Amino acid sequence: MKLRKQVTVCGGAIFCVAVFSLYLMLDRVQHDPARRQNGGNFPRSQISVLQNRIEQLEQLLEENHQIISHIKDSVMELTDTGAVSPSGHLPFRSANGSWVLPFDGRPTFLAVKPQDCQFAAGSRGQADVQMLDVYSLLKFDNPDGGVWKQGFDITYDPDEWDNEPLQVFVVPHSHNDPGWIKTFDKYFTDQTQHILNNMVVKLAEDPRRKFIWSEISFFSKWWETADVHKQEAMRKLILGGQLEIVTGGWVMTDEANVHYFAMIDQLIEGHQWLERNLGITPRSGWAVDPFGHSATMPYLLKRANLTSMLIQRVHYSIKKHFASTRSLEFMWRQSWDTGSSTDMFCHMMPFYSYDVPHTCGPDPKICCQFDFKRLPGGRINCPWKVPPKAVVEANVAERAQLLLDQYRKKSKLYRSKVLLVPLGDDFRYDKALEWDQQYINYQKLFDYMNSHPEMHVQAQFGTLTDYFNAVYKANGVAQGSRPAEFPVLSGDFFAYADREDHYWTGYFTSRPFYKSLDRVIESHLRGAEILYSLAVANARHAGMEGRYPVSDYALLVDARRSVGLFQHHDAITGTAKENVVIDYGTKLLRSLIGLKRVIINAAHFLVMKNKEFYRFYQTEPFLETDDRRATQDSLPQRTLIELDPAGPRYLVLFNPIEQERLCAVTVLVNTVKVRVLTEDGQTLPVQLSAQWSSASQMSAEVFEVRGKFHQRPRRLLCARYEVITVVCLTSLTLISHLFNYSTLLLMCKCFSHLMNALWSTLFVQINKENNTFSHLCVQMQFMVYGTRPSKDKSGAYLFLPDGKAKVLLSLSQRLYVRCLLASQEALIDSLLCIVLFHHAVVFSGVDGLSIDITTMVDIRDQTNKELAMRLVTDIQSGDVFYTDLNGFQMQPRRHYMKLPLQANFYPMPSQAYIQDSHHRLTLHTAQSLGVSSLENGQLEVIMDRRLMQDDNRGLGQGLKDNKKTGNRFRLLLERRSMGNKMMDSATNSFPSILSHMTNTFLNHEALALPVLPKRRGIPPLQTFAPLKSILPCDFHLLNLRSIQSQDPQSPSPYTAMILHRLAVDCGLEAQNLGFNCTTTQGQLSVSGLFKNLDLQLLQPTSLTLMHSGAPLANDSSISLDPMEISAFKLKLR
């Protein structure tokens, strides 16, 4: 009773002081002598300002009064229950009965140095060819070009090569898909192993024979099964220059849907395997089959010390334009490069395909006659009805002249008199007979050409690097340098069309379940790599390496390779056979289970307060995983924490990112009587809510507990859950509506109002700190596309809609709306015709500045339908929008009316936004999907596709294996700061610091790991925070990867640290991120980074760790430019 009186008296005193202060201020203003000297009257504008100030003060007084009432109620409640509250942070009860933790008053600041803002606003190096300009220039028509249907007639002067003979490099290759029609293992057994076995024998028969190979996933599997003699023979072929490993990645990665973390990781895995087993370093990139090409790829290859690259699948109109201007070879420069440091020499193949009929020259009818696997009597023939002829003395002159004519015509499309002619196709050279057919017949042709000087040609087999070296030599420049007069290009090559209006934009979304699963596993892989590296380093530091399960490294290697395999351009794209997809999914699930084990084993060691008590038992894990998946195609089920009055349960939280975060963590418990305590015993306010067992039923046995935790970077935080006899937290206010089909339209209107109300509230709060209010109207629509009724229909690759999207209306199912409003969050659920479940949440912290949106999509009962989510706003974006490339950089896009609807869709691996001179609205995504902006102020995302037929690109199946899929997004509204109304340049745009953080938080969730009960009790635990200080907030730790030793199943003493410095747009209003954010002009002291560890080596390396620079002094600071990705080899003990 005494405490109640004290609170009442204290509250009354505060109120009196506030009123008296207001009175004194008004009195002072009224009697201010300075004012009287100005005539005794205020100007009308000042009176208006004063009135506004008074109204604001009155509003603040009212809010103070409410807060005092909350404090009074909370103290009374705490007195009744005996609950303990954190010192200085008394919770109060909100109007709906839930409890709120007052704002943590610790000061936070955003200190971005002006120099770190200059990059986004600065000028760029000029490119001769800007792809946005090319798109504006071209008509994208498709006139008949003659024998080269998509091109034009090529002519030449026979005397052109009299002074400088034509050099021809025929490059035999075999494109091996690590999964497509068959599984990876089935392809290896049936075809790939025979290709490599024949290679060892057939290349050794003649030193003039050459070959290139790309996929290390297949090559490593063959190596493991080959005997020592085959291995040595293969090594000799490589070192002798007859066999070249091109690109050297684990796979030939897709370039649309993949995230740059995975692109780099699969490249490292391939290159590290090559270095360890063969001691070689790839020099040239080879990408003949990805369905469009990203500007991220040349940058990564450049950072890996490759000097040249080749691409193939580019829109046929662009190929024709480049061929007509002889721009098929160019220096590919990043659009954000201020100089020329990112330039990569690139060769674009000019014709329809990479098969033999489309590589020797413009006429496939003639080129097919020089694919000697198609000789009469074989299993395949030439569609043009003119078969190949074996080369004999009687016909060699005629055959050589016919082929040389094609070579000369093709060479007219390039600037040098050096010609590349690939010779291969999918899974070629699997029979010894084909090796003989191709090599023997071509050698006869080469011998004839080279022995007749009047033909002015020098033809031979070659590798890809042989060709590039000849180009550099002919132009008198060093490897990788720009030949004189060769153009510089910036931009990318999406979207791809191979003929007519057949745009390959469907695969941006195909099989979204696995696109989402891939990103979950990538986040786990990164988290496991970091925790494992830190745990091993700390175990070595403590002299406990022998007691730690270092053998977990094998699980990391398996996961790297499974994730790498899935980046293949027929895997993450969703364009493989159904049984192959299951095989990919099974491998991914196995890896996810292994990664969770690596994480819980590392966390166990690191959170032990006294390492002497640390014991590792393989069969008795210390921690549980945060969730489980029953099968490869099932959604995760969160782990239930079963509370018992006999004792508390402990929870370890892992923050995998390099910044502090205030995040909401949700766990499942079996009782409503729950209290959460921090490591030091303070009670955390949490929100207790229902767990829905069905659309309209709440579980009586499982409940959600959501609490806010402030986590340091890469920190392991401990919390304690107890059963209490009196519940100090009330459940959410719950409103549940069941609508029958007759009220569908009423529901849709209600749903729209609910969503707009939620968003309007959020967007006002975003600008509250500046006392300025902004309103943006955002409407969400769910749309459906059909497929065209003609012969050509949408499939796994192609998007061929039957017109504009239609609003989704289905009267066949019931519809539910659940609205939950609470202190910790605002939440709206709805089930729309069972096709879609929608869920929107507002949190606090960085997460509180955007809306969390989850759509649970299930279209398994639909036929030839594609489901889209459309955001309609009043942002005046015009025809311009922005999508990311691989989560690495932003690419401006333009909606072109001259192109069909499907041509205006682009990949969205991590985000897309629209903007005008006042606002930017960004949709962040946790999975790659297709996106467009088809009208002013709109963003549209394709969320799933169910298609009943093949689209004639070789798959032979439709998309009928849809899964119930959870798509996660964050919607972020930002306002341009006052005085900064400048729009982005035509070729560049960058996210803000807040946008970068929002995306990172979305894609790297904090993991909640329950400690399993122990009969002997739980030993003392402690928070593990490995960093002495947080990284500058424009630095992203891409990975901390333990490097393999010679034994591929165990780590070496070295760790690879890969850093990316983000480029930031400072022209958007800065918000309170909830943590201190500073930048350092790209400087970072590595020696002062890790706590309790000694830095014994700091060595710069190439991106894939194959090329090392001189070691730096251990106390050196490293420096990164904006957008730069750099790798360093560390030795930590």
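This passage walks through the nonpolar cores and one open sheet of a predicted model. Local features rest on pLDDT of at least 70 and side-chain atom pairs on pLDDT 80 or more, while totals for chains, interfaces and linings use all residues. Numbering starts from 1 along each chain as its sequence is written, and side-chain values use heavy atoms, with hydrogens and water left out.

The largest nonpolar core (buried Ala, Val, Leu, Ile, Met, Phe, Trp, Tyr and Cys residues joined through side-chain atoms within 4.5 Å; buried means under 20% relative accessible area, 1.4 Å probe, protein chains only) holds 237 residues. Phe-219, Phe-322, Tyr-407 and Phe-493 touch the most other members. Domain 1 (129-493) and domain 2 (760-1003) both chip in residues, so this core lies between them; the bounds come from an automatic or database domain assignment. Setting aside neighbours within four places in sequence, Tyr-407 is in contact (heavy atoms within 4.5 Å) with residues including Leu-166, Cys-360, Tyr-442 and Met-449. Another core, of 22 residues, lies apart from the largest one, with Val-418 and Phe-486 among its members.

Then there is the sheet: four strands (DSSP runs of E, at least two residues, numbered from the N terminus) in the order E44-E45-E50-E48, open and antiparallel. Pairing takes at least two DSSP bridges between two strands. E44 (1035-1044) and E48 (1095-1101) stand at the edges with a single partner strand each, so one side of each has no neighbour in the sheet. Between E45 (residues 1051-1061) and E50 (residues 1125-1132) there are seven bridges, and His-1060 sits opposite Ile-1125 in E50.

Terms used. Buried < 20%, exposed > 50% of the residue type's maximum accessible area, 1.4 Å probe, protein only.
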